[in-house]
Amino acid sequence: MESVHSAEGPPPGVPAVVITRVAERQWHAVEDDRVVGRGDASPRPDGRIFLSIDSWHGAVFDALADAMLAELPTPLYTVVDEADLESTSSWARAGFTTRRREWEYVVPTDPRVTGLDSVLPPPDVTIVAAGEAAEGPLRTLDREIRDEVEATVGWQAMPAEVFRPDRGTVLDPSKYAVAARSDRYVGLVRLAMVTRQPRIGLIAVQADRHRRGIARALLAHVLGSLHRSGSKRHRRK
């Protein structure tokens, strides 16, 4: 969901709470010396700012949202479960509208289950494990893939977070496995090692190398590596 609107004053019936910005990206709602709500603004690698609000009462949520929207630059974003009608309604009251829908899948990592145990990359391509990619060629590939997407649907229409050197973010090679030819990198997969379930955030191959099985080989490599390390499932967008 996305908001491009400025917040108005709190509606009637808001409890006597004091909203305080306690850090650069954090807000607290305090009532009778108790914290009754928290708000957080998290910048993503692509520069977009995502909000989250934790409160038990709708009026406190509204007060936090008003304060955060008044102090942050727009556009702003949040992620909600569409089945959570209360949360969806709360963000709608703050002026957010649905921008896109995403699906997350939990998939097994065992190659005997995925059917990827015999998958190999093309003869002229080698898979480089996460943490072993050279930063220079990885930056070049990231920039080339980003330019390809921007020339078509545009990154703003994509769910994946992307490296943006113009916004001070850092490309971390430890999160990327890559497909390499002798002269350059041609594909990548980004893996976030979250505590409960690792997550694949992006698989991308250069346009001129599509339909050669490179993405499938990257996926087989990552899932196989996770399985060998003891992870039975992972999340994929």
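A salt bridge, as used in these legends, is a side-chain nitrogen of Lys or Arg within 4 Å of a carboxyl oxygen of Asp or Glu. With that rule, a search of the whole structure finds twelve salt bridges, and several of them appear in the views below. Please keep in mind that this is a predicted model, in which local features need pLDDT of at least 70 and side-chain atom pairs count only at pLDDT 80 or more, while totals for chains, interfaces and linings use all residues. Residues are numbered from 1 along each chain as its sequence is written, and side-chain values use heavy atoms, with hydrogens and water left out.

**View A. The hairpin of strand 3 and strand 4.** Helices (H or I, at least four residues) and strands (E, at least two) are DSSP runs, numbered from the N terminus. Strand 3 (residues 26–31) and strand 4 (residues 34–43) pair in the antiparallel sense over six bridges; two strands pair if DSSP finds at least two bridges between them. To find your place in the ladder, look for Ala-29, whose bridge partner in strand 4 is Gly-37. Two residues lie between the strands of this hairpin. Asp-32, in the loop between strand 3 and strand 4, has a positive phi of about 55 degrees although it is not a glycine. Asp-33, found in the loop between strand 3 and strand 4, is also not a glycine and has a positive phi of about 65 degrees. Asp-32 is exposed, with a relative accessible area of 66%, and Asp-33 is exposed at 78%. Here, buried means under 20% relative accessible area, exposed over 50%, and partly exposed in between (1.4 Å probe, protein chains only).

**View B. Strand 4 beside strand 5.** Strand 4 also runs antiparallel to strand 5 (residues 49–55), and seven bridges join the two. A handy landmark is Ala-41, which stands opposite Leu-51 in strand 5. When following side chains here, it may help to recall that in a regular strand they alternate between the two faces of the sheet.

**View C. Helix 1 packed against helix 2.** Two packed helices are described by the angle between their axes and the distance between the axes. Helix 1 (residues 58–71) and helix 2 (residues 85–93) pack at an angle of about 40 degrees, with their axes 10 Å apart. Axes are lines fitted to C-alpha atoms, for helices over the stretch in contact, and angles run from 0 to 180 degrees between N-to-C directions. Helix 1 and helix 2 are therefore oblique to each other; angles under 35 degrees count as roughly parallel, over 145 as roughly antiparallel, 65 to 115 as roughly perpendicular and the rest as oblique. The contact (heavy atoms within 4.5 Å) is made by Gly-58, Phe-61 and Asp-62 of helix 1 and by Ser-90, Trp-91 and Arg-93 of helix 2.

**View D. The loops on either side of strand 6.** A cis peptide bond, with omega about 5 degrees, joins Thr-74 and Pro-75. Pro-75 lies in the loop between helix 1 and strand 6. Thr-78 belongs to the loop between strand 6 (76–77) and helix 2 and counts as buried, at 3% relative accessibility. Thr-78 and Ile-49 are 29 residues apart in sequence and 8.2 Å apart in space, C-alpha to C-alpha.

**View E. A salt bridge within helix 4.** Side chains of opposite charge can pair when their charged atoms come close. Glu-135 and Arg-139 meet in a salt bridge of 2.7 Å, N to O. Because they are four residues apart in helix 4 (residues 135–150), about one helical turn separates Glu-135 and Arg-139. Glu-135 is partly exposed at 34%, and Arg-139 is partly exposed at 30%.

**View F. More charged pairs, and a network.** Asp-208 forms a salt bridge with Arg-184, the closest N and O atoms being 3.5 Å apart. This pair links distant parts of the chain, 24 residues apart: Asp-208 is in the loop between strand 11 (199–205) and helix 5 (214–228), and Arg-184 is in the loop between strand 9 (176–180) and strand 10 (185–192). Asp-208 is exposed, with a relative accessible area of 52%, whereas Arg-184 is partly exposed at 27%. Glu-102 forms a salt bridge with Arg-100, with 3.1 Å between the closest N and O atoms. Finally, look for Asp-124, Arg-181, Arg-209 and Arg-212, which are linked in a network of salt bridges.
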